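Work through the exercises below with the sequence and the coordinates open. Each task is followed by a solution in steps.

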Amino acid sequence: KSSALVFGFELCESPCEMELLQSQPGLIFGDDETRETTVRVKANVAGEYNVAGTIGDWWGKTVRTFELPVTLAAGEERRLPVDLKPLEEGWYSLDLKLSGRDTEIVHHASFADMGRDTRKAGYESPYSFWWFGKYHGGSNDLEVWGPIFKKMGIRRLSAGDGSQTEASMK
């Protein structure tokens, strides 16, 4: 008897690649923004591929499914639009599966529809929230977070001194 276990494996290049491209930071939509995104598919080996998707609601109920078949030559890349409307406001899961040539690639994502911003509060609002910025695993990139905060109805945030407003961040 031996106390050693031997495992073997081989790394192989996938015949295809899939990437979800964000049309909005965090796939968070508001006001008149187009509710769609794009999936980039690239074939390393020529073949017929299929991107299957499932959109689910907060409770895990399937709202919609779709399939995007594509035939690609080796090295060819295609960008496939994914329609994320017409759904009600709220949070949704987006599960994608690329299959073809004995390969399956799965990607789990989510998106949110914040609806129209009808809030009346302006910069004079006394309400704010604490933004940790880059701490606690976050980011302090206002180019990304500024539009997301605005879609959430946040007009003032506190990053230590409480003086940050939408107007001062422009």
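**Exercise 1. The helix**

Which strands do the buried residues of H1 pack against?

Solution. The model is predicted: local features need pLDDT of at least 70, side-chain atom pairs count only at pLDDT 80 or more, and totals for chains, interfaces and linings use all residues. Residues are numbered from 1 along each chain as its sequence is written, and side-chain values use heavy atoms, with hydrogens and water left out.

Step 1. Helices (H or I, at least four residues) and strands (E, at least two) are DSSP runs, numbered from the N terminus. H1 covers residues 142-151, and its buried residues are Ile148, Phe149 and Lys151. Buried means under 20% relative accessible area, exposed over 50%, and partly exposed in between (1.4 Å probe, protein chains only).

Step 2. Viewed down the axis of H1, these buried residues fall within an arc of 155 degrees, so they line one face of the helix. The arc is taken over the directions from the helix axis to the C-beta atoms.

Step 3. The buried residues of H1 pack against S2, strand S9 (129-130) and strand S10 (156-158). Contact here means heavy atoms within 4.5 Å.

Step 4. At the N-terminal end, Asp141 caps H1, with a side-chain oxygen 3.0 Å from the backbone nitrogen of Glu143. After H1 comes Gly153, whose phi is positive, near 90 degrees.

**Exercise 2. The sheet**

Determine the strand order of the five-stranded open sheet and find its edges.

Solution. Step 1. Two strands pair if DSSP finds at least two bridges between them. The order is S2-S8-S7-S4-S5, with mixed pairing.

Step 2. Strand S2 (28-29) and S5 each have a single partner strand and stand at the edges, so one side of each lacks a neighbour in the sheet.

Step 3. Eleven bridges join S7 to strand S8 (residues 103-113) in the antiparallel sense. Trp91 has Ala112 in S8 as its bridge partner.

Step 4. Further pairing involves S3. S1 and S3 run antiparallel and are joined by six bridges; Leu20 has Val39 in S3 as its bridge partner. S3 also pairs with S6, in the antiparallel sense over seven bridges, and Glu36 has Asp83 in S6 as its bridge partner.

**Exercise 3. The core**

How many residues does the largest nonpolar core have, and which elements give two or more residues to it?

Solution. Step 1. A nonpolar core is a set of buried Ala, Val, Leu, Ile, Met, Phe, Trp, Tyr and Cys residues joined through side-chain atoms within 4.5 Å. The largest has 24 residues, and those with the most contacts inside it are Val39, Val41, Val51, Ile55, Leu94, Leu96 and Phe111.

Step 2. The elements that give two or more residues to this core are strands S1 (16-21), S3 (36-43), S4 (47-56), S5 (62-72), S6 (77-83) and S7 (90-100).

Step 3. Leaving aside neighbours within four places in sequence, the contacts of Val41 include Val51, Val70, Leu72, Leu80 and Leu98.

**Exercise 4. A loop arginine**

Is Arg35 buried or exposed?

Solution. Step 1. Arg35 lies in the loop between S2 and S3. The relative accessible area of Arg35 is 10%, which means buried.

Step 2. The side chain of Arg35 makes a polar contact with the side chain of Asp113 at 2.8 Å. A polar contact is a pair of N or O atoms within 3.5 Å; within protein, one must be able to donate a hydrogen and the other to accept it, and residues adjacent in sequence count only if both atoms are side-chain atoms.

**Exercise 5. Salt bridges**

How many salt bridges does a search of the whole structure find?

Solution. Step 1. A salt bridge is a side-chain nitrogen of Lys or Arg within 4 Å of a carboxyl oxygen of Asp or Glu. The search finds eleven.

Step 2. One of them joins the side chains of Asp31 and Arg116 (3.4 Å, N to O). Asp31 lies in the loop between S2 and S3 and Arg116 in the loop between S8 and S9, 85 residues apart.

Step 3. Glu33 and Lys151 also meet in a salt bridge (3.1 Å, N to O). Glu33 lies in the loop between S2 and S3 and Lys151 in helix H1, so the pair ties together parts 118 residues apart in sequence. Glu33 is partly exposed at 24% relative accessibility, whereas Lys151 is buried at 10%.
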